[in-house]
Amino acid sequence: MFKTDGSYFHNLEIEDRSELPNLFTFPFYYEPHKFCVLAAREIQNYLEFQENFEHNFGLNDSQNGLVIGKMFGVMIVEDSAKNLGYIAAFSGKLAEQNFIRGFVPPIYDTLNPSGFYKRGEAQLNQINAQLEDLENASQYLKLKIDLEELKNQFDKELKDFKTLIKSEKAKRKAQREVRKLKLNDIAYKSLLEDLKKQSIYYHFRLKDLKTQWQLKIETKTQELDKFQQQIDRLKDKRKVKSAKLQKEIHQQYHFLNSKGEQRDLISIFEHTQLGQPPAGSGECAAPKLFQFAYQNNYKPIAMAEFWWGASPKSEVRRHKEFYPSCRGKCEPILGHMMKGLSIEPNPMEKPIKTVDKLEIIYEDEFLLLINKPHEFLSVPGKTILDSVETRMKAYLPNAKGPLLVHRLDMSTSGLLLVAKNEKTHKNLQKQFIERTVKKRYVALLDGYLKNDKGSIDLPLRVDLNNRPRQLVCQSHGKPAHTNYKVIASHNNCTRIYFYPVTGRTHQLRVHAAHHRGLNTPIIGDDLYGKRANRLYLHAEQISFEHPVTKKRLTFNSEPDF
């Protein structure tokens, strides 16, 4: 059971050891082993009733403070005496602490008040305070306002004077035309000379006006620059100190593996695409569990991680549900830490579904329509080549230009358009861009909905630390809009029609699962819900204008669920 007496090894009562897995969990795609589920339930029971720390997980409306849900991890281990148990960890800090009784310690304690990190953090805070004082100084703010007002006054006077010059020029032109007919040559010459002097006068007045105002603006700018230079120097100093501190702390994180080899964060990430560790690397639950196991000669047997608390604003995280380790931060680290262990094979590198022949719903000399099976790729992946596109290239060896007009997620089944020539492809793609192609999906949701119909508008972008998952992001997300209509509800399931207005990656899956969407994931969604025998999402209907005949065509494909 989970203990808070200062020990980290928690006994696990298992009668039949033959049920232990032979291979360690592949952490980035897994079904939690039943012993991991048992250990996780003990942690969850503790979290439900504990009084050892105060942290607002967002589960109790009466609690104050920032809501922060947490990822927790459990690892089934065997000690040197062959005793079976588990160790537990949390990601990041918990209740603003690194040490909570019963959970393994951090790899490096950033909260140690006498450590270099806290000293460096104090120096950065001091620089930030100085910057704040300078940027909010009344003299600095007044100089910025005065400079802006001077520029506005200059613009107004310059505009007014140029209007005057234009008006006077028109008057001189009128004088030349009128007086030419009335004056003799000598008088007219004298007039022209006088008008020329007037033109020169206004030219020099314009030049003087610009010079006077530029001098005023330059004087005020120099006063402001004295402040700005101090601010810029402090910002440069902060940048250098921050980079140095970041590098020093990355060097403090040393990770072991089962062979006893040790590497720091910098060496682990130097050959990755990013080239450097992302913020928070090494603070996740999984690296903490491995590190503690190796340091104490525990044999890792299985691992699982679950979410506790309210979902973050951007991600889909459901209370008590199990999730894989993140790829951006943890994949390089765990790649080192799991060396020497016998790991389950990566299921994403194997074809999940074998397809003998693709079903063609409709075909003519210009296009065809495929009924794509679930768990079959639209286009080739990094390790799996078999796909609709690959099959179509073999089926249409003489076709020119791109074949697929759009795509479906691997896990989604249903109708997929294929063009036989470039002109057809361009026409159909234009229809997609102009949103004249109408699609209807049918799905089964894991629960009931409050409303029978409605729309969801949540912008999406890729989760850079956890591809291919998508995030809801108001700042950088692309617009994503979905309409929906409930067909039926029974046995805590809802059959629903989705009408996507846009076509973002995982749009329907995220809009269904996200707490600001329907808050009810699609059954079988292994990214945003719970895994099942399949993802219950099917592209059931598509309607478009034939590129050649110009007839409106509508096709249907009934799902197998």
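A residue is taken as buried when its relative accessible area is under 20%, and by this criterion Leu408 of the predicted model, with a relative accessibility of 6%, counts as buried. Leu408 is placed in the loop between α8 (388–395) and β10 (413–419). Its separation from Trp213 amounts to 195 residues in sequence and, from C-alpha to C-alpha, to 63 Å in space.

Trp213 takes part in one of the aromatic contacts of the model, for which a search of the whole structure finds 25 aromatic pairs. A pair of aromatic rings is described by the distance of the centres and the angle of the planes. For Phe154 and Trp213, the ring centres are 6.2 Å apart and the planes lie at 35 degrees, so the pair is classed as tilted. This pair links distant parts of the chain, given that Phe154 belongs to helix α3 (residues 138–180) and Trp213 to helix α4, with the two positions 59 residues apart. Both partners fall in the buried class, Phe154 with a relative accessible area of 11% and Trp213 with a relative accessibility of 5%. Tyr253 and Phe255 form a further aromatic pair, which is stacked, with 6.4 Å from centre to centre and 25 degrees between the planes. Here too the partners are buried, the relative accessible area being 3% for Tyr253 and 0% for Phe255.

Ring pairs also join residues into a cluster that consists of Phe2, Tyr46, Phe57, Phe72, Phe90, Phe103, Phe306 and Phe322. In addition, charged side chains are found over aromatic faces: Lys216 lies over the face of Trp213, at 4.2 Å from the ring centre, and Arg317 lies over the face of Tyr323, at 4.4 Å from the ring centre. Trp213 is thus involved both in the tilted pair with Phe154 and in the contact with Lys216.

Helix α4, in which Trp213 is located, comprises residues 185–252 and packs against helix α2 (residues 116–135) at an angle of about 165 degrees, the two axes being 10 Å apart. Since angles over 145 degrees count as roughly antiparallel, α2 and α4 are therefore roughly antiparallel to each other. The crossing in which α2 passes α4 is left-handed. The residues that make up the contact of α2 with α4 comprise eleven nonpolar, seven polar and seven charged ones.

Terms used:
Residues are numbered from 1 along each chain as its sequence is written. This is a predicted model: local features need pLDDT of at least 70, side-chain atom pairs count only at pLDDT 80 or more; totals for chains, interfaces and linings use all residues. Side-chain values use heavy atoms; hydrogens and water are left out. Axes are lines fitted to C-alpha atoms, for helices over the stretch in contact, and angles run from 0 to 180 degrees between N-to-C directions. Helices (H or I, at least four residues) and strands (E, at least two) are DSSP runs, numbered from the N terminus. Angles under 35 degrees count as roughly parallel, over 145 as roughly antiparallel, 65 to 115 as roughly perpendicular and the rest as oblique. A crossing is left-handed if the near helix is turned anticlockwise from the far one by less than a right angle, and right-handed if clockwise. Ala, Val, Leu, Ile, Met, Phe, Trp, Tyr, Cys and Pro count as nonpolar, Asp, Glu, Lys and Arg as charged, and the others, Gly among them, as polar. Rings of Phe, Tyr and Trp (its six-membered ring) pair if their centres lie within 6.5 Å; planes under 30 degrees apart count as stacked, over 60 as edge-to-face and the rest as tilted. Buried means under 20% relative accessible area, exposed over 50%, partly exposed in between (1.4 Å probe, protein chains only). A charge sits over a ring if NZ of Lys or CZ of Arg is within 6 Å of the ring centre and within 35 degrees of the ring normal.
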